[in-house]
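User: Please take a close look at one part of this model and work outward from there. I would like the contacts, the charged pairs and the burial set out together, with the cut-offs stated.

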Amino acid sequence: MILKVLLIAHFLGDFTFQSASMAEGKKNSQGTLLLHSVIYAVVMAAACFLSASPMYALLPAAIFAVSHFVIDECKCLLSRKWDSIWLFLIDQAIHIAIIVLVWRFRYMESVPSALMVWARGIPRANNCLAIALILTVNWDPACVLVRKLFDELSSGAERMAFADEPRAGRIIGKLERFIVVILMLTGQVSAIGFVLTAKSIARFKQFEAQGFAERYLVGTLASTAFAIFTALVLWKLR
C-alpha cells in the first residue's frame with residue numbers, strides 16, 4: 001500500500017501540481033525549477049508522513065526531494081539540446097526507480113503510521129489505492145506523454161497547431177481515458193469501441209482536413225492504448 005501512496009504522490013507532484021508554464025520555464029530558470037522541486041518535496045513528504053511514523057518518514061522524504069531536484073536539473077540541461085520523448089521516459093523511469101528502491105528497503109514498512117495501520121484493516125483498501133493510482137496516471141501524466149509523442153512525430157507547424165488545441169479537447173481526452181479504464185476494470189472491454197465511435201462522430205466534419213485526421217488518430221490511439229495498458233498492468237500488480 002505504501003508504494004501506491006508514494007507513486008500517486010509522485011504523479012501528483014510532478015504533473016498535476018506543475019503547470020505547463022512551470023514545466024517550460026524551469027528549463028531556463030533556476031527559480032522556477034526550485035519552486036517545482038519545493039512543491040514536489042511537500043507532496044512527497046506528506047505521502048511519507050502519512051505512510052510511516054515521523055522518524056521513519058524523514059529520510060525517504062529527504063531522498064525524494066533531493067533526488068528529484070538533481071534529476072530535473074540534469075533533465076533541464078539536456079533538454080536544451082535533446083528535448084525528446086525518450087528524455088521524458090528516462091526521467092520518469094529514474095524517478096520511479098528511486099521510489100521503488102526506497103520502498104524495497106522496507107524502511108517505511110518497519111514502523112507504519114497509525115493511519116496506514118488503520119487503512120490496512122479496511123476491506124479492499126488496496127484495490128481502491130490501485131484504482132486511484134491508475135486514474136492519477138491517466139489524468140495529467142498521460143496528457144504529457146501523448147503530447148511528447150505527437151511532438152516527436154510532427155513538424156514545427158503541426159506542433160504549434162497542437163499547442164493551440166482548445167482546453168476542452170484535452171479534458172475530453174482525460175475523460176475518455178477514465179471511461180476506458182473503468183470499462184477495462186469492470187470487464188466491459190467491447191464497450192470501448194462505442195466510446196471511440198462517439199468521439200469520432202463529434203469530430204466527423206473535421207476529418208476532411210488531413211492534418212487534423214492524423215493528429216486525431218495519433219492522439220486517440222496513443223491515449224486509448226495507454227489507458228488500456230496501465231489498467232491491465234497496474235491492476236494485475238496490485
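Analyst: What follows is a close look at one helix and its surroundings, after a short account of the whole chain.

This is a predicted model, in which local features need pLDDT of at least 70 and side-chain atom pairs count only at pLDDT 80 or more, while totals for chains, interfaces and linings use all residues. Residues are numbered from 1 along each chain as its sequence is written, and side-chain values use heavy atoms, with hydrogens and water left out.

The protein has 13 helices and zero strands; helices (H or I, at least four residues) and strands (E, at least two) are DSSP runs numbered from the N terminus. Of its 238 residues, 42% are buried, where buried means under 20% relative accessible area, exposed over 50%, and partly exposed in between (1.4 Å probe, protein chains only). A contact is a pair with heavy atoms within 4.5 Å; of the contacts with a separation of 6 or more, 76% join residues 24 or more positions apart. The exposed area is about 13,000 Å², with 72% of it from carbon and sulfur atoms; areas come from the Shrake-Rupley method with a 1.4 Å probe, and for residues only the protein chains shown count as cover.

The part chosen is helix α9, residues 140-153. Two packed helices are described by the angle between their axes and the distance between the axes. For α5 and α9, the axes come within 9 Å and cross at roughly 150°, so α5 is roughly antiparallel to α9. Axes here are lines fitted to C-alpha atoms, for helices over the stretch in contact, with angles from 0 to 180 degrees between N-to-C directions. Angles under 35 degrees count as roughly parallel, over 145 as roughly antiparallel, 65 to 115 as roughly perpendicular, and the rest as oblique.

On the α5 side, the residues that meet α9 are Ile85, Phe88 and Leu89. On the α9 side they are Val144, Leu145, Lys148, Leu149 and Glu152. Sorted by class, this contact holds six nonpolar, no polar and two charged residues. In that scheme Ala, Val, Leu, Ile, Met, Phe, Trp, Tyr, Cys and Pro are nonpolar, Asp, Glu, Lys and Arg are charged, and the others, Gly among them, are polar.

Side chains of opposite charge can pair when their charged atoms come close. The rule for a salt bridge is a side-chain nitrogen of Lys or Arg within 4 Å of a carboxyl oxygen of Asp or Glu, and by this rule there are seven.

Lys148, already listed in the contact with α5, is paired with Asp83, with their closest N and O atoms 3.4 Å apart. This pair links distant parts of the chain: Asp83 is in the loop between α4 and α5 (85-104), Lys148 is in α9, and 65 residues separate them. Lys148 counts as buried because its relative accessibility is 18%, whereas Asp83 is partly exposed at 42%. Both also belong to a salt-bridge network with Glu24 and Lys27.

Asp140, also in α9, has its own partner, Lys174, with closest N and O atoms 2.9 Å apart. The link again joins distant parts of the chain, since Lys174 lies in α11 (residues 167-185), 34 residues away. Asp140 is buried at 15%, and Lys174 is buried at 9%.

Leu153 also lies in α9. At 59% relative accessibility, Leu153 is exposed. Its C-alpha atom is separated by 9.8 Å from that of Arg215, 62 residues apart along the chain.

The partner helix α5 includes Ile96, which is partly exposed at 27%. Apart from neighbours within four places in sequence, Ile96 is in contact with Leu7, His10 and Phe11. Ile96 and Leu6 are 90 residues apart in sequence and 9.4 Å apart C-alpha to C-alpha.

One salt bridge away from α9 completes the picture: Asp72 and Lys26 meet at 2.9 Å, N to O. Asp72 is in α4 (residues 54-79) and Lys26 in the loop between α2 (20-25) and α3 (30-51), 46 residues apart. Both Asp72 and Lys26 are buried.
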